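Q: I am new to this structure and would like a close look at one part of it. Could you walk me through the surroundings of ligand 1?

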Amino acid sequence: MNQVLNPATEETIAELPEATVEEADRAVAAAKAAFPAWRAVSPPDRGRLLRRLATLVEETSEELAQLETSNVGKPISDSRAEATMVADVFHFYAGAVDKHHGETIPVSGGIDMTFREPLGVVGLITPWNFPMNIASWKLGPSLACGNTVVLKPAELTPLSAIRLGELVLEAGIPEGVVNVVVGPGRTVGQRLVEHRDVAKIGFTGSTEIGRGVMQAAAGTIKRVTLELGGKSANVVFADADLERAAASAPSAAFGNAGQDCCARSRILVERSAYDRFLDLLVEAAGGLRVGDPRDESTEMGPLISAEHRERVSSYVNGNVVFSGNVPNGSGFWFPPMLVEASNDDRVAREEVFGPVAAVIPFEGEEEAVRLANDTPYGLSGSIWTEDGARALRVARAIDSGVLSVNSNTSVRVSTPFGGFKQSGFGRELGLHALDGYSEVKNLYIATG
Ligand code: NAD
Ligand code: MN
């Protein structure tokens, strides 16, 4: 039995049977059987079904948000925003079904055209930090392209995926098109990656597990999309609006208790503004409301598990310049922390995946870019400056999939999201995601 906990109380909120490898096989078989009929559904009808799903998510959004908060420990205001995004994602891909199409290409002797074909059965493997959001980012384009799906959520946080699976059926999407299998990664997940009848794996998780997924996928030349870890830089130049940059930096590092692949966990600050910025930053961090995730004013909840808290605490040594307060008693609490560091320190090199941010000084634009890029990762990042030309120059020079200027946002429904370097490859969200869930077919017709 899988005991599902509320990380804010350590109480068991659900007991689920663990799926076996045989059940994973049955889910794949069901998805395979459902594929011919699903790919044949006309594009407008597929769009209509996805739109109905989006509407059902809207109608169920408070329940989904409460479920996500109790299972992940994230603040209810975050969970509500995430539930809204899930509905928006399904609306977007409902509208995208008939806008993702082929071309005709001028050739000699005939006519050439391309088609976007579905891949077949796709395996979707998701992490525990944004369970329902990330499931929707993969389900939307998978279904829009005419694929059928086996979704394997993380063992720690399977509840919202199970609920989404119910809503899929309620929306009238035929049985077998979406199958949710709750089981361990090393058995059920691994089986999906190796399965002959699974054409593609859409994976979000750690770089370490992603590396194994890529290896195991080689056996069947499976397509993979890998959305992996990050160690993103928040680059603050001396000419920036320091108040705004400092006010926004704590939530960019400590949002979702730092368990965010896009966390700006390296705060790079130009030396001439360093002391003043650090004062502003510590003050802003002190204002962060850490506590009961059900409270509407809470901005940071607990970590996901006791084991994860152990790991996060291993990163704390060195010069802690800020450490916040956390509730006493049960719950996997860990305070938000700012650590002065060099970019070579372990806390600045590895993904902590907790509320521990490294503050690192730099001297001038060239060093800022060098430090921002001095990491195996390349997922996200921010640039704070009032100099527009510099913002563009630095943005072009940072090897990262998603950047923002004078903002710490990363994810929007309509814009591509994904990594450079060891943060993975492939893009989610926007129209780009459709490329990852379809195959281009070229057809030449000799017209003599
Ligand atoms: P994880 O890599 O431990 O697990 C991710 C998923 O993979 C889980 O469902 C797990 O059961 C499954 N899995 C484990 N072993 C497997 C195997 N051998 N074969 C197939 N599947 C297997 O990640 P996590 O701890 O759940 O999540 C945290 C990580 O996810 C962080 O590194 C974070 O940066 C990353 N993440 C990345 C993004 C992104 O979009 N780039 C988004 C969120 C989280
Ligand atoms: Mn993990």
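A: Happy to help; here is a tour of the site around ligand 1. Please keep in mind that this is a predicted model.

Let's begin with the place itself. The space that ligand 1 takes up is the largest pocket. The elements giving two or more residues to the shell around ligand 1 are helix H7 (185-194) and strand S8 (200-204). Of these, H7 gives the most, with five residues.

Now look at the wider setting. Residues of the shell come from both domain 1 (2-228 + 423-446) and domain 2 (233-412), so ligand 1 lies between the two domains.

Next, the neighbours. Ligand 1 is surrounded by 28 residues, and the closest are Thr126, Glu155, Ser206, Leu228 and Glu351. Sorted by class, the shell holds 14 nonpolar residues, along with nine polar and five charged ones.

Some of the contacts can be followed atom by atom. Leu228 brings a backbone N or O atom to 2.8 Å from a nitrogen atom of ligand 1. Gly205 also takes part through its backbone, with an N or O atom 3.3 Å from an oxygen atom of ligand 1. Glu351 uses its side chain instead: an N or O atom there is 2.6 Å from an oxygen atom of ligand 1. As for cover, ligand 1 taken alone exposes 850 Å², and the protein buries 89% of that.

Note on methods: Residues are numbered from 1 along each chain as its sequence is written. Chains are lettered from A and ligands numbered from 1 in the order in which they are written. This is a predicted model: local features need pLDDT of at least 70, side-chain atom pairs count only at pLDDT 80 or more; totals for chains, interfaces and linings use all residues. Side-chain values use heavy atoms; hydrogens and water are left out. A residue is near a molecule or strand if one of its heavy atoms lies within 4 Å of it. A polar contact is a pair of N or O atoms within 3.5 Å; within protein, one must be able to donate a hydrogen and the other to accept it, and residues adjacent in sequence count only if both atoms are side-chain atoms. Accessible areas come from the Shrake-Rupley method with a 1.4 Å probe; for residues, only the protein chains shown count as cover. On a 1 Å grid over the protein atoms alone, a cavity is a set of points where a 1.4 Å probe fits but cannot get out, and a pocket is an open set with protein on both sides within 12 Å along at least five of seven lines; lining residues have an atom within 4 Å of a point. A molecule sits in a cavity or pocket if more than half of its atoms lie within 2 Å of its grid points. Helices (H or I, at least four residues) and strands (E, at least two) are DSSP runs, numbered from the N terminus. Ala, Val, Leu, Ile, Met, Phe, Trp, Tyr, Cys and Pro count as nonpolar, Asp, Glu, Lys and Arg as charged, and the others, Gly among them, as polar. Domain bounds come from an automatic or database domain assignment.
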